[in-house]
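Here are a few notes to go with the structure, written as numbered points. Keep the viewer open while you read.

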Amino acid sequence: MSIRVVLVDDHPIVLQGLQHLFARQSDFDVVACCATVQDGLSAARSERPDVVVLDLRMPSGGGLSLLDAFNGEHLPVRSVVLTAAISDEEMAQALQKGATGLVLKESAPDQLIECVRRVHAGERWVDPGVMSRVLQVVPAADAPGGDRAAALTGREREVVKMIAAGLRNREIGERLSISENTVKVHLHNIYEKLGVEGRMELLLLAQELKMV
């Protein structure tokens, strides 16, 4: 089944480019393209998309107000913020208001595609270009004790450090001379031992426990 996506951006060229980007992927279905916050909210109500990709700054109120509207109406959508620039305060607000993905417009298109796929799968995904700032502005909530960190093997700790450095699974495998599938197994075990879901939660916890 295709991932149903609503796109919200007040720049026509950007909106058209995003539509073409997702149209080239066989697992996506763009159900609406919107130039205003109100149109984005209306599309979320009527189309019930899986993921909304929204611009942070728009004349009609911006992405933060759209996130507030989603929360106020309890709409079951996942949100990815796409922005040219973001302050630490805006970043913290976006994540606190429920955004589960954050991508800079300067990033490669495949990063946005990967982000939306992961967000749809229930993960959180933050652009590597701002991850270090996320670790500073968003505290880890209810972090497990150090006993869980102690349960990690030496190799698993290496993987955590490489994740913190922004490396992808393939790059980690190359550095450790192991297969990408083996890296995925290590990550699964790490998530299980630390009680986290996805890379962002792992990095927040690793920072809290001073593992990185």
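How many salt bridges does the count come to? The answer is 11 salt bridges, and bear in mind that this is a predicted model. Some of them are picked out below, followed by a few helices.

1. Start with K97 and D68, which form a salt bridge with their closest N and O atoms 2.8 Å apart. This pair links distant parts of the chain, as the two residues are 29 residues apart. K97 sits in the loop between α4 (88–96) and β5 (101–104), while D68 belongs to helix α3 (residues 63–73). Are the partners buried or exposed? Neither label fits: K97 is partly exposed at 22% relative accessible area, and D68 is partly exposed too, at 38%.

2. Just before that loop comes α4 itself. Which residues of α4 are buried? They include E90, M91, A92, A94 and L95. After α4 comes G98, and its phi is positive, near 110 degrees.

3. Next, look at R155 and E158, a salt bridge with 2.9 Å between the closest N and O atoms. Both residues are in helix α8 (residues 154–164), and because they are three residues apart, about one helical turn separates them. An α-helix has 3.6 residues a turn, so residues three or four places apart point the same way. As for accessibility, R155 has a relative accessible area of 30%, which makes it partly exposed. E158 is partly exposed as well, with 35%.

4. α8 also takes part in a salt bridge to another helix, through E156 and K193. The closest N and O atoms of K193 and E156 are 2.9 Å apart. K193 lies in helix α10 (residues 180–194), so the pair ties together parts that are 37 residues apart in sequence. The two partners get different labels here because the cut-off for buried is under 20% relative accessible area: E156 is buried at 3%, whereas K193 is partly exposed at 29%.

5. One more item on salt bridges: D9, D55 and K105 are joined into one network by salt bridges that share partners.

6. Back to α8 and α10, this time as a pair of helices. Two packed helices are described by the angle between their axes and the distance between the axes. Here the axes come within 10 Å and cross at roughly 95 degrees. Angles of 65 to 115 degrees count as roughly perpendicular, and α8 and α10 are therefore roughly perpendicular to each other.

7. Which residues make that contact? From α8 there are R155, E156, V159, V160 and I163, and from α10 there are H186, L187, N189, I190 and K193. By type, the contact of α8 with α10 divides into five nonpolar, two polar and three charged residues. R155, E156 and K193, which turned up in the salt bridges above, are in the contact list too.

8. Last stop is E201, a residue of helix α11 (residues 199–208). E201 counts as partly exposed, at 27% relative accessibility. What does E201 contact, leaving aside its neighbours within four places in sequence? The contacts are R124 and V196. Y191 is 10 residues from E201 along the chain, and the C-alpha atoms of the two are separated by 9.2 Å.

Definitions and conventions. Residues are numbered from 1 along each chain as its sequence is written. This is a predicted model: local features need pLDDT of at least 70, side-chain atom pairs count only at pLDDT 80 or more; totals for chains, interfaces and linings use all residues. Side-chain values use heavy atoms; hydrogens and water are left out. A salt bridge is a side-chain nitrogen of Lys or Arg within 4 Å of a carboxyl oxygen of Asp or Glu. Helices (H or I, at least four residues) and strands (E, at least two) are DSSP runs, numbered from the N terminus. Buried means under 20% relative accessible area, exposed over 50%, partly exposed in between (1.4 Å probe, protein chains only). Axes are lines fitted to C-alpha atoms, for helices over the stretch in contact, and angles run from 0 to 180 degrees between N-to-C directions. Angles under 35 degrees count as roughly parallel, over 145 as roughly antiparallel, 65 to 115 as roughly perpendicular and the rest as oblique. Contact means heavy atoms within 4.5 Å. Ala, Val, Leu, Ile, Met, Phe, Trp, Tyr, Cys and Pro count as nonpolar, Asp, Glu, Lys and Arg as charged, and the others, Gly among them, as polar.
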